[in-house]
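This report describes a ligand site and the cysteines of one protein. Please examine the sequence and the structure shown here before reading on.

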Amino acid sequence: MARYAQVQGSVALITLTNPPVNALSAAVRLGITEAVTRALRDPKVKSVVICGENGVFCGGADIREFAKPMTGPPLVPMISAIEEGDKPVVAAIEGVAFGGGLELALGCHYRIAHSKARVGLPEVTLGLLPAAGGTQRLPRLIGLAPALELITTGRHVTAQEALKLGIVDKVTDQSAQDLAIQFAQEVIGQPLLPRKLSTQLTPCPPDVDTILDEAMARVKQRARGAMAPVACVQAVRAAVNLPYQAGMQKEQELMAFLFRSSQARALQYCFFAQRAVGKWSLSSGAHSGNSKPRPVTKAAVIGLGTMGRGITVALVKAGLSVVAVETNKKQLEMGKQMVSAMLKHDAQKMNAVPRLDLLHYTTDLSELKNTDLIIEAVFEDMALKKEVFKKLSSVCKPDAVLCTNTSGLDVDELASVTKRPELVVGMHFFAPAHVMKLLEVVRGSRSSPEVMATAMHLGKRLGKVSVVVGNCSGFVGNRMLRPYLDQANFLLEEGATPELVDGALEEFGFPMGVFKVSDLSGLDVGWRIRKEAGLTGPNVDPKDPLRRRQGRRYSPLPDLVCEQGRLGQKSGRGWYLYDKPGGRVATPDPDIHKLLEDYRVRHGIRPRQIGSQEVLERCLFALINEGFRVLEDGMAMGPEGIDMIYVFGYGWPRHRGGPMFYAAMVGLPRVLERLEYYQQVHPDVPHLQPSSLLRRLVVNGSPPLDKWRDFLQRPHSQL
Ligand SMILES: C/C=C(\C)C(=O)SCCNC(=O)CCNC(=O)[C@H](O)C(C)(C)COP(=O)(O)OP(=O)(O)OC[C@H]1O[C@@H](n2cnc3c(N)ncnc32)[C@H](O)[C@@H]1OP(=O)(O)O
């Protein structure tokens, strides 16, 4: 796992060999330890170079080993032995040096990086801290403030920035390994003590306490309950206040606490789940490994509303040439101005030139005859979308892929109006589409494996986390959101306020509670959908009482709020009050409290005290229950897909792993017991009826999440 060679007569070359990222597994740590001992002992060796095979230095500790008992030599003494040795050791960094990989390089006396390399300490994103001396050596090398920033965010740094910060000593466009070997010979005999970071003091500005206090306040505000960023600041504080060994002791104590935490488990689960969802498979046997995507060089977007504009920007940023289509000149011009402004703004931030040359605007659909893939992003109306798809089917080349950005309409119904249903697929982007990482790729019953591969591959090019989902109403994300929204509204009826519900959800870790999100999205969106579904407005069954629809409990509260012209942030009033239309700062509104009180009086509801626990259990467990139904119906590949949808699309706190992981952490028997309780209290809410999969899992001893698939009834997959 580490190869040893002697080169140029006196240089020992140690190569990490653990593809694909040379993670520091037990075998690699043993290999490095043995190789370093040999190099230090061999009198013919005067200096050492450490590098990684296949153009990657090291992706850090082997994350898969964290769940197993520790074996092999630990990292800390291994790195100390390198630093303490009396021969200069040079790290040759190609590809990446992340986490333990960078800590290994910090233990070396010199670091040389390839110009395309990236370095960083991303442990915080896994719920940990850089516990192989990273929190003690990096501040000593680059100073307090930059070290705090890198360690608390886990940000990746380019070789050029690393050089500026002083993390690396040289950057080269040629082979980092060749330059390191040459350099290792040049530094033989030079004093090593100043290069041993553990012997140095952390350079400290006079306002050191202010910097640390501000960093702590910043991470607490951003972390939304995540513990690792807070521990990172505490560890770096030790690098300032304590001698090196005592600082290391502190680092180890903090690490021991984080390592056992459910947050670290959740974040490490997310790391692998994010990668797992890219490896899709269909019930037909087709999968990401055997299905080739079609080449897409020219794409088109139909409709330049909010979604269409974001999708256009995302496509251009990925380097695709894009035809943007609107129905009339005025809309087209408006869309063009917005898209150009967004691209310019983005380019300015990146110090780049906006690729406006990749765009062509037209009102004429016949100009799409040479496009490889078309994304329809018109108004969410089935009749209108069908009309567009009919036209596309006749004007586009026969093998062009037709995608719809619907957020929940039937993909099969749309496909049925085309002459190529096998080339139709859903690509459900989330607003703003050029920012949000989630993409639901919706498989229609006739979508071909090739078309699925094309949509998934395009998602990857756009930098999205793409998840294959089945074609059911609302797909996965919005389908699970309905019971969550319903519960939030019912809680208002029963005595809660929007700020009480939102407070509980924000305390849990959501960036915004459900009512603030609704205000941000615009309350009229859901109102229109409810009208179309016959839940409110002229199509309501006249026999339905006000608080019952289609045989189940219904809360008309959101409709009443809309009827008052309170449409959310855009109208300056929604569930909250804003200082002006378009304002963003939500304040509780006495008018809403009055509306709720009057409503309860009108309907004879005695308000009760509602606590955070009830808010969380009713909102989150109802959503989770629907997640189990999604799995049961075969609409998702597995719980990992659902979790990534919620983490990347709906603000579910990553350190809680996603709804299905959270259910497993809480304990499935507890989730079942609470659902059963609430179902008894609210028998008219079918969403609270525990799903049969949840029951089956509990009966079978609550197996771990990766075994849930074994308890699905077959044949189950609709994918
Ligand atoms: C204490 C804690 C210490 C000391 C640590 O070091 S914690 C680990 C810190 N390191 C990281 O967080 C880096 C994690 N990895 C990455 O960011 C990326 O994988 C990468 C930039 C190194 C490579 O990216 P990319 O080329 O896109 O490839 P993938 O991300 O798809 O990864 C390829 C496969 O390698 C597996 N992998 C990656 N890193 C690790 C790791 N540190 N330990 C174990 N396995 C790792 C990854 O899961 C992929 O595997 P498959 O999914 O293909 O099976």
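Which element gives the most to the shell around the ligand? That element is α11, with three residues.

## Basis of the model

This is a predicted model, in which local features need pLDDT of at least 70 and side-chain atom pairs count only at pLDDT 80 or more, while totals for chains, interfaces and linings use all residues. Residues are numbered from 1 along each chain as its sequence is written, and side-chain values use heavy atoms, with hydrogens and water left out.

## The ligand and its surroundings

The ligand is surrounded by 24 residues (each with a heavy atom within 4 Å of it). The closest are Gly59, Ala61, Gly100, Arg275 and Lys279. By class, the shell holds 14 nonpolar, four polar and six charged residues; here Ala, Val, Leu, Ile, Met, Phe, Trp, Tyr, Cys and Pro count as nonpolar, Asp, Glu, Lys and Arg as charged, and the others, Gly among them, as polar.

A polar backbone atom of Gly100 is 2.7 Å from an oxygen atom of the ligand. A polar side-chain atom of Arg275 also lies 2.7 Å from a ligand oxygen, and for an N or O atom in the side chain of Lys279 the distance to a ligand oxygen is 2.8 Å.

## Cysteines

The count of disulfides (pairs of cysteine sulfur atoms within 2.5 Å) is zero. The sulfur of Cys58 is 11 Å from the closest cysteine sulfur, in Cys108, which is too far for a bond. Cys58 is buried (under 20% relative accessible area, 1.4 Å probe, protein chains only), at 0%.

Methods:
A polar contact is a pair of N or O atoms within 3.5 Å; within protein, one must be able to donate a hydrogen and the other to accept it, and residues adjacent in sequence count only if both atoms are side-chain atoms. Helices (H or I, at least four residues) and strands (E, at least two) are DSSP runs, numbered from the N terminus. Buried means under 20% relative accessible area, exposed over 50%, partly exposed in between (1.4 Å probe, protein chains only).
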